[in-house]
There are 2 protein chains.
Amino acid sequence: MARKLSTLDPQRLDNQICFAVYSAAHAFNRVYKPLLDRLGLTYPQYLVMLVLWERDDVPVKDIGEKLFLDSGTLTPLLKRLEAAHLVKRTRSREDERQVMIALTAQGHALKEKARSVPQSILAASDCSVSELVTMKDEIVALRDRLNAVIGE
Amino acid sequence: MARKLSTLDPQRLDNQICFAVYSAAHAFNRVYKPLLDRLGLTYPQYLVMLVLWERDDVPVKDIGEKLFLDSGTLTPLLKRLEAAHLVKRTRSREDERQVMIALTAQGHALKEKARSVPQSILAASDCSVSELVTMKDEIVALRDRLNAVIGE
DNA sequence: CCGAATTAGATTGCGCACAATCTAATTGCC
DNA sequence: GGCAATTAGATTGTGCGCAATCTAATTCGG
């Protein structure tokens with residue numbers, strides 16, 4: 001009876017989806033780390049590079065919207081990517097408030113070296129692609145509902 | 001054709017389950033924040049309190065194993081909880097290497113004030129309990145497979 | 001027993017994340 | 001045109017998260 005109650009107790013750690021997501025994010029990070037170390041990237045930096053490999057020469061704001069990050073996070077991160085000669089930061093001429101982020105040749109070239117990363121992650125997940133796609137879609141839907149609540 | 005390819009491209013941001021998990025974790029954090037502010041806790045501190053509300057007077061190591069965190073994270077966090085008079089840190093007498101973490105009266109009392117948190121999160125998730133339980137179990141299974149790979 | 005290896009936790013340093021605040025540029029409104 | 005409101009980034013401060021290193025206590029193998 002006490003056992004049955006505890007598996008329903010919403011205040012129990014193991015019953016919380018948020019902790020599942022939180023701890024899964026850290027587990028992913030730990031799997032990515034050795035792969036990204038070889039590229040000289042952290043995981044958030046890798047995310048920024050993924051954005052730029054899809055579309056180059058974008059304002060900081062667009063990167064922030066895609067990754068759900070603000071300038072307080074992105075400004076120093078992008079300065080580090082610039083120091084690593086992977087991107088160039090330039091004030092937009094049309095709108096001087098914007099800073100445009102463009103890949104350098106090195107930044108472009110890194111895409112090839114990063115090509116094997118997703119399949120290494122897939123292998124570590126030890127899970128079929130279709131299962132992962134289903135889970136991903138469910139998690140994205142949940143995330144979007146949560147983000148909708150934040151905007152009231 | 002190009003469109004079809006891009007929806008399969010493993011190097012695309014939107015195709016990566018890890019980004020889904022990463023961004024969902026941040027979304028959860030943003031939903032929790034105003035709820036936890038009222039308790040004077042951050043989300044990781046709330047997780048530690050959840051552990052202690054289940055079982056009091058445990059060594060730091062046990063907390064770390066439950067939350068997948070190490071002393072570099074927990075030591076300063078626990079010192080902040082102690083400064084907030086929610087826990088007491090004492091060297092174990094049997095094994096002087098261990099530091100035991102015990103709730104104060106205030107720490108115990110906070111459990112009642114935190115009781116409404118999970119249902120607020122459930123409401124924000126805008127999702128049935130059974131759906132959430134299924135997702136949670138899938139995510140935990142994935143996390144555990146990832147963690148298994150890390151330990152080689 | 002005693003020295004080596006292991007273990008628990010603390011410390012240092014770096015890189016996010018984000019709130020709050022600031023500056024400068026642009027837009028909107030009259 | 002001119003002033004208020006908005007917008008894009010930068011800055012500052014706090015709190016994780018983790019690698020690397022350190023100390024002190026305990027355990028293990030001979």
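How many nonpolar, polar and charged residues does the surface near DNA strand D have? By class, there are 8 nonpolar, 9 polar and 12 charged residues on that surface. The model described here is predicted.

## The surface around DNA strand D

DNA strand D is surrounded by 29 residues. The closest of them are Y22(A), K61(A), T75(A), K79(A) and R89(A). Of the atoms of DNA strand D that lie within 4 Å of the protein, 78% are part of sugar or phosphate, and the rest are part of bases.

Some individual contacts can be picked out. In Y22(A), an N or O atom of the side chain is 2.4 Å from a phosphate oxygen of DNA strand D. K61(A) uses its backbone instead: a polar backbone atom of K61(A) is 2.8 Å from a phosphate oxygen of this strand. A polar backbone atom of V99(A) is 3.1 Å from a phosphate oxygen of DNA strand D. Both protein chains have elements that give two or more residues to the surface near DNA strand D. From chain A these are α2 (17-37), α4 (60-67), α5 (71-83) and β2 (87-91), and from chain B they are α3 (43-54) and α5 (71-83).

## The surface around DNA strand C

Which residues come nearest to DNA strand C? They are Y22(B), K61(B), T75(B), K79(B) and R89(B), out of 29 residues around this strand. The surface near DNA strand C divides into 8 nonpolar, 9 polar and 12 charged residues. Sugar or phosphate accounts for 81% of the atoms of DNA strand C within 4 Å of the protein, and bases account for the rest.

Contacts to phosphate oxygens of DNA strand C come from residues in chains A and B. A polar side-chain atom of R80(A) lies 2.8 Å from one such oxygen. For E96(A), a polar backbone atom is 3.0 Å from a phosphate oxygen of the strand. In chain B, an N or O atom in the side chain of K79(B) is 2.6 Å from a phosphate oxygen of DNA strand C. The elements that each supply at least two residues of this surface are α3 (43-54) and α5 of chain A, together with α2 (17-37), α4 (60-67), α5 and β2 (87-91) of chain B.

## The sheet of chain A

In chain A, 3 strands form an open sheet with antiparallel pairing, in the order β1-β3-β2. Its edge strands are β1 (58-59) and β2, each of which pairs on one side only. The antiparallel pairing of β1(A) with β3 (residues 99-103) of chain A runs over 2 bridges. V58(A) has I101(A) as its bridge partner in β3(A). Helix α3(A) packs on the sheet and touches β1, β2 and β3 of chain A. The direction of α3(A) makes about 85° with that of β3(A).

## The sheet of chain B

Chain B also has an open sheet of 3 strands, in the order β1-β3-β2 with antiparallel pairing. Why is one side of β1 (58-59) and of β2 of chain B left without a neighbour in the sheet? Both stand at the edges and each has a single partner strand, so there is no neighbour on one side of each.

Strand β1(B) pairs in the antiparallel sense with β3 (residues 99-103) of chain B over 2 bridges. The bridge partner of P59(B) in β3(B) is M100(B). Helix α3(B) lies across β1, β2 and β3 of chain B, and runs at about 85° to β3(B).

## A salt bridge between the chains

Over all chains, the structure has 18 salt bridges. One of the residue pairs is E54(B) with R12(A), where the closest N and O atoms are 3.5 Å apart. This pair crosses between chains. E54(B) is in helix α3 of chain B, while R12(A) is in the loop between α1 (2-6) and α2 of chain A.

## Positive phi in two loops

Where is H85(A) found in chain A? H85(A) lies in the loop between α5 and β2. Phi of H85(A) is near 65°, a positive value in a residue other than glycine.

F68(B) has a positive phi of about 60°, and F68(B) is not a glycine either. The loop that holds F68(B) is the one between α4 and α5 of chain B.

Definitions and conventions:
Residues numbered from 1 in each chain as written. Chains lettered and ligands numbered in written order. Predicted model: local features only at pLDDT ≥ 70, side-chain atom pairs only at ≥ 80, totals over all residues. Heavy atoms only, no water. Near = heavy atom within 4 Å. Polar contact = N/O pair within 3.5 Å; in protein donor to acceptor, adjacent residues only side chain to side chain. Helix = DSSP H or I, 4+ residues; strand = E, 2+ residues; numbered from the N terminus. Nonpolar A, V, L, I, M, F, W, Y, C, P; charged D, E, K, R; others polar. Pairing = 2+ DSSP bridges. Contact = heavy atoms within 4.5 Å. Axes fitted to C-alpha atoms, helices over the stretch in contact; angles between N-to-C directions. Salt bridge = Lys/Arg side-chain N within 4 Å of Asp/Glu carboxyl O.
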